[in-house]
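I sat down with this model today to jot down what I could look up in it. My notes follow, in the order I took them.

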Amino acid sequence: MSNRTFTMIKPDAFASGYTGAILKQIEGAGFRIVAMKLTRLSAEKAGEFYAVHAERPFYGELVDFMSSGPIVAAILEKDNAVEDFRKLIGATNPANAEEGTIRKLYAKSVGENAVHGSDSNENAAIEGNFFFSAFERI
Ligand code: CMP
């Protein structure tokens, strides 16, 4: 069990004005914000972040989408953070997400799915380090 995970509010949700509602839901579920920034990924940086998916057919679309507009990146803290956050956001495809989850409420499609959540403690650390230096964590 680890107590930290990493999230991004993706370009679709930011552009639709859902950032405040999503952060409210995250904090309401007991997550503490440890680091947060409004930023934008270049295509090169998005490709690097999602390098693990480089062989997937949707990789190009994913990189284009994730570099298409501003995002909010954050490190979150809570007991059992990775697992609990994935429950809070719901299935990758919003059509399969449970009622009340962030993706059910705010995601448009499997590609434009509102938020990212790390899938393991190891990836949470890697992804947090991708965006934040030690000095930027509270
Ligand atoms: P995320 O969990 O942030 O990390 C991988 C992303 O790939 C995932 O969210 C989806 O947004 C995206 N993805 C997964 N499957 C597909 C798909 N079939 N088509 C487009 N994008 C996808």
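**Notebook: the loops, the strands and the ligand**

I began with Thr101, where a polar atom of the side chain lies 2.6 Å from the backbone oxygen of Glu98. I kept in mind from the outset that this is a predicted model. Next I looked up where Thr101 belongs, and I found it in the loop between α5 (81-89) and α6 (102-106). Is Thr101 buried or exposed? I noted Thr101 as buried, because its relative accessibility is 7% and the cut-off for buried is under 20%.

**Around strand β4**

I moved on to Ser118, which I placed in the loop between β4 and α7 (121-131). Which side chain does Ser118 join in a polar contact? I found Glu127 as the partner, with 2.7 Å between the two side chains in this contact. I also checked the cover on Ser118 and wrote down a relative accessibility of 0%, so Ser118 counts as buried.

Gly117 was my next stop, and I found this glycine in strand β4, which covers residues 115-117. Gly117 counts as buried because its relative accessibility is 6%. I then compared Gly117 with Ala54: they are 63 residues apart in sequence, and their C-alpha atoms are 18 Å apart in space.

I also stopped at Ala114, in the loop between α6 and β4. Its phi is near 70°, and I marked this as a positive value in a residue other than glycine. Ala114 has 0% relative accessibility and therefore counts as buried.

**A second positive phi**

I noted Asn80 as well, since phi is positive there too, at about 55°, although Asn80 is not a glycine. I traced Asn80 to the loop between β3 (71-77) and α5. How is Asn80 placed with respect to the surface, and why? I entered it as partly exposed, because its relative accessible area is 22% and partly exposed covers the range between under 20% and over 50%.

**Strand β1**

I then turned to Phe6, which lies in strand β1, residues 4-9. Phe6 has a relative accessible area of 0%, so I listed it as buried. How far is the C-alpha atom of Phe6 from that of Ile75? I read a separation of 4.5 Å, for two residues that are 69 apart along the chain.

**The ligand**

I saved the ligand for last, and I found that the space it takes is the largest pocket. I listed its surroundings as Lys10, Tyr50, His53, Phe58, Glu61, Leu62, Thr92, Arg103, Val110, Gly111, Asn113 and His116. How does this shell divide by class? I counted four nonpolar, five polar and three charged residues.

I looked up the polar neighbours of the ligand oxygen atoms too. An N or O atom in the side chain of His116 is 2.7 Å from a ligand oxygen atom. The backbone takes part as well: an N or O backbone atom of Val110 lies 3.0 Å from a ligand oxygen atom, and a polar backbone atom of Gly111 is 3.3 Å from one. My last entry is on cover: the ligand taken alone exposes 460 Å², and the protein buries 79% of that.

Conventions. Residues are numbered from 1 along each chain as its sequence is written. This is a predicted model: local features need pLDDT of at least 70, side-chain atom pairs count only at pLDDT 80 or more; totals for chains, interfaces and linings use all residues. Side-chain values use heavy atoms; hydrogens and water are left out. A residue is near a molecule or strand if one of its heavy atoms lies within 4 Å of it. A polar contact is a pair of N or O atoms within 3.5 Å; within protein, one must be able to donate a hydrogen and the other to accept it, and residues adjacent in sequence count only if both atoms are side-chain atoms. Accessible areas come from the Shrake-Rupley method with a 1.4 Å probe; for residues, only the protein chains shown count as cover. On a 1 Å grid over the protein atoms alone, a cavity is a set of points where a 1.4 Å probe fits but cannot get out, and a pocket is an open set with protein on both sides within 12 Å along at least five of seven lines; lining residues have an atom within 4 Å of a point. A molecule sits in a cavity or pocket if more than half of its atoms lie within 2 Å of its grid points. Ala, Val, Leu, Ile, Met, Phe, Trp, Tyr, Cys and Pro count as nonpolar, Asp, Glu, Lys and Arg as charged, and the others, Gly among them, as polar. Helices (H or I, at least four residues) and strands (E, at least two) are DSSP runs, numbered from the N terminus. Buried means under 20% relative accessible area, exposed over 50%, partly exposed in between (1.4 Å probe, protein chains only).
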